[in-house]
2 protein chains.
Amino acid sequence: MPRVKITEVAREAGVSLSTVSRVMNGNPTVDPVLAERVREVAARLGYTANPLARSLVLGRTQTVSVVIPDLANPTFQAILRGLSHAAAKDGYHVLISDTEEQVHEEREIATTTRRRTDGVILCAPRMPQQELSALLPGIAPAVVINRPPLAEAPTVSADYGVAITELIDHLRGLGHTRIVFLSGAVASASGEARLRAITAATRADAELEVVEIPAGVDFDSGAAAADAVLASGSTAVLAFNDLVAMGLLSAVTARGIRVPDDLSIAGFDGIPFAAYTTPPLTTAAVPAAELGRSAWAAMHALLSGEEPRADETFAPAVVIRESTGPAQH
Amino acid sequence: MPRVKITEVAREAGVSLSTVSRVMNGNPTVDPVLAERVREVAARLGYTANPLARSLVLGRTQTVSVVIPDLANPTFQAILRGLSHAAAKDGYHVLISDTEEQVHEEREIATTTRRRTDGVILCAPRMPQQELSALLPGIAPAVVINRPPLAEAPTVSADYGVAITELIDHLRGLGHTRIVFLSGAVASASGEARLRAITAATRADAELEVVEIPAGVDFDSGAAAADAVLASGSTAVLAFNDLVAMGLLSAVTARGIRVPDDLSIAGFDGIPFAAYTTPPLTTAAVPAAELGRSAWAAMHALLSGEEPRADETFAPAVVIRESTGPAQH
DNA sequence: CTGTTAGCGCATTCAA
DNA sequence: TTGAATGCGCTAACAG
């Protein structure tokens, strides 16, 4: 495929390559007659400027890199989707990097991909705050997803704390006083927000007791936690996310436990499938696609030299379905 | 962030820029002492070659573009994930484009992104064969996913026909003779493969009757088809995919129908969630991540000047769960 | 073994 | 308004 280049168009149209360049970029200081001729020739030859060459000279690639921890996680998928659509609408391309939960590689991946793009949108829930702050100046412009506000870059987040609080209120309203929290195994920003909200809730409510049981972030960890949950004597469970909730739901159901009669289970994230379990899962719906869109909006502002809006947070909507019910005593 | 460039390293190390270039690219024809000095300076200055400049001169970007129809579809997500991981392992980046099911834009998107990358991996199930064949030469090297073998590019596919056949055999073994097939609304390559397998099955089995009911490809279309399915008087349903099956399962259950006692339902694709419905879904598990890996392998071969393996096809594994059971007469 | 030179394809000064 | 020249940052001939 010997691609046609600007010089050929220039020769064919009988003008200099600068004129072709001007026409292709819509520079109005070109004689309309010449411009038309150039356009005709360009169309006939199927000419389009080489984006690599443009990138080199212009210093921008019309591409942003998105770094996420796990492409298998429905929430990150939804973030990517919202982001990708929004970026495409603005004529930008997306370079995707899945760090596969390798926290210690996030830094290098972000730095490396940044050099091929105009900025990076970073989703790194487990990266230590110090490392994150040290990393950001080197990859600016950057936008960070689901982390507490930062001095070095705008953030876009879901409010995990308020969602957990509402979920607890919901369970309390149903009479549950002893609740299990299935926490993610490794510390993450959103995990800490959850924990803080739980601590605040138990402080404010003398009758409430929350038992933390460490688990993972997927189906299997939810299922694996079933025995510990049942042994805890709790009447309700707050799962780290919907995947964990679904794994648990499946495992306890297999043990003959009735949900929600014997045990209430609430998930987190609001993935589409949560509506299709039996019983359908009560959960806090994180507006993941919206997070993605918003992250792009912030990046777009940064790239346009505008001031991005202050750190944005979205409140997840608690969706009450049938996996939670009155406590049985 | 004023990035350090090769000339500064050269000056600082007291050598010419070509020497620096040689050292950075591991060219052995450099005095070890000089090489070491250059490396030391480069490290101290934090120098890394500008990938854009390299791309321009080398004519390769170390990036491939992946074009898929819908990032919200679990199967495409899994393909992307397998592909992305495999490419990363080989030091390649992935530029992702979601065409959002806009069939008429796939051509332009593929062509546009191709210019920023070294090749495109195309997943375009609905693009007319003619258009596809016309498109491919212009974007070579290309690899096509889930389409019949092509003259213009290697393909990597799941064998939808054999999977449907096995699913029908399974249902026939359970005594079902009147089966609904919930077909996707729009023609797609894999949809046609399903249809061909169904036609072959009914031809070979005089007692078997398959009723095609057009539906979409998501939850809602499955739910919306519930009444038509029940009115058909069939005892079993073959859904276009797991999403449709889940929507249908949910809707018929809400109508008091017992699955599989009153109605057997089989899905397709084997998305993770299919194991967590009630009852768990019988399905044909398409090895999507494997498809992605394999597509990358083919692309990698193409990029390395090797002959890619012939068109590869993977047989989905039929997973029998509890949503299918003996026919009741 | 090392340095000098010439592009890669384009946008953009600067003169004319 | 247009063209000639310069450079984006780098690699790869080509000499030395």
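In what follows, Ala, Val, Leu, Ile, Met, Phe, Trp, Tyr, Cys and Pro count as nonpolar, Asp, Glu, Lys and Arg as charged, and the others, Gly among them, as polar. With that settled, let me turn to the structure, which is a predicted model.

I shall begin with DNA strand D. By class, the surface near this strand has eleven nonpolar, nine polar and five charged residues. In total, 25 residues surround DNA strand D, and the closest are Thr19(A), Arg22(A), Asp31(A), Ile6(B) and Arg54(B). Of the atoms of DNA strand D that come within 4 Å of the protein, sugar and phosphate account for 75%.

Several polar contacts to the phosphates may be listed individually. On chain A, a backbone N or O atom of Ser16(A) lies 3.1 Å from a phosphate oxygen of DNA strand D. Also on chain A, a polar backbone atom of Asp31(A) is 2.6 Å from a phosphate oxygen of this strand. From chain B, the side chain of Arg54(B) places a polar atom 2.6 Å from a phosphate oxygen of DNA strand D. As for secondary structure, the elements that give two or more residues to this surface are α2 (17-24) and α4 (51-58) of chain A together with α2 (17-24) and α4 (51-58) of chain B. The largest share, four residues, comes from α4(B).

What, then, surrounds DNA strand C? Here 25 residues do so, and the closest are Ile6(A), Arg54(A), Ser18(B), Arg22(B) and Asp31(B). The residues of this surface divide into eleven nonpolar, nine polar and five charged. Of the atoms of DNA strand C within 4 Å of the protein, 67% belong to sugar or phosphate, and the rest belong to bases.

Three residues of chain B illustrate the polar contacts with DNA strand C. An N or O atom in the side chain of Thr19(B) is 2.7 Å from a phosphate oxygen. The side chain of Arg22(B) has an N or O atom 2.5 Å from a base oxygen. Asp31(B), finally, has a polar backbone atom 2.5 Å from a phosphate oxygen. The elements that give two or more residues to the surface near DNA strand C are α2 and α4 of chain A together with α2 and α4 of chain B. Among these, α4(A) gives the most, with four residues.

I come now to the relation between the protein chains. Two copies of a chain are related by a rotation about an axis and a shift along it. In this model, a turn of 180° and a shift of 0.1 Å along the axis lay chain B on chain A with an RMSD of 0.1 Å. The two copies are thus related as by a two-fold rotation axis. The same surface serves both copies, in that 100% of the contact residues of chain B recur in chain A. Which residue of chain B comes closest to the rotation axis? That residue is Leu95(B), whose C-alpha is at 2.2 Å.

The next topic is a sheet formed by strands of both chains. Twelve strands make up this open sheet, in the order β11(A)-β5(A)-β4(A)-β3(A)-β1(A)-β2(A)-β2(B)-β1(B)-β3(B)-β4(B)-β5(B)-β11(B), with mixed pairing. Its edge strands are β11 (312-314) of chain A and β11 (312-314) of chain B, each of which pairs on one side only. From one strand to the next, the twist averages 20°.

Within chain B, strands β1 (residues 63-68) and β3 (residues 120-122) run parallel and are joined by three bridges. Ser65(B) stands opposite Val120(B) in β3(B).

Two helices of chain A should be mentioned with this sheet. Helix α5 (residues 74-89) lies across β1 (63-68), β2 (93-98), β3 (120-122) and β4 (142-145) of chain A together with β2 (93-98) of chain B, and runs at about 160° to β2(A). Helix α6 (residues 103-114) of chain A also packs on the sheet, where it touches β1, β2 and β3 of chain A together with β2 of chain B. The direction of α6(A) makes about 170° with that of β1(A).

Lastly, chain A has an open sheet of four strands in the order β7-β6-β8-β9, with parallel pairing. The edge strands, each pairing on one side only, are β7 (209-214) and β9 (264-266). Neighbouring strands are turned by 20° against each other on average, direction ignored. Strand β6 (residues 178-183) of chain A is joined to β7(A) by six bridges, and the two run parallel. One residue pair is Leu182(A) with its bridge partner in β7(A), Ile213(A). Helix α8 (residues 160-173) of chain A packs on this sheet and touches β6, β8 (236-239) and β9 of chain A, its direction making about 165° with that of β8(A).

Conventions: Residues are numbered from 1 along each chain as its sequence is written. Chains are lettered from A and ligands numbered from 1 in the order in which they are written. This is a predicted model: local features need pLDDT of at least 70, side-chain atom pairs count only at pLDDT 80 or more; totals for chains, interfaces and linings use all residues. Side-chain values use heavy atoms; hydrogens and water are left out. Copies are superposed by least squares on the C-alpha atoms of residues with pLDDT of at least 70 in both. Contact means heavy atoms within 4.5 Å. Two strands pair if DSSP finds at least two bridges between them. Axes are lines fitted to C-alpha atoms, for helices over the stretch in contact, and angles run from 0 to 180 degrees between N-to-C directions. A residue is near a molecule or strand if one of its heavy atoms lies within 4 Å of it. A polar contact is a pair of N or O atoms within 3.5 Å; within protein, one must be able to donate a hydrogen and the other to accept it, and residues adjacent in sequence count only if both atoms are side-chain atoms.
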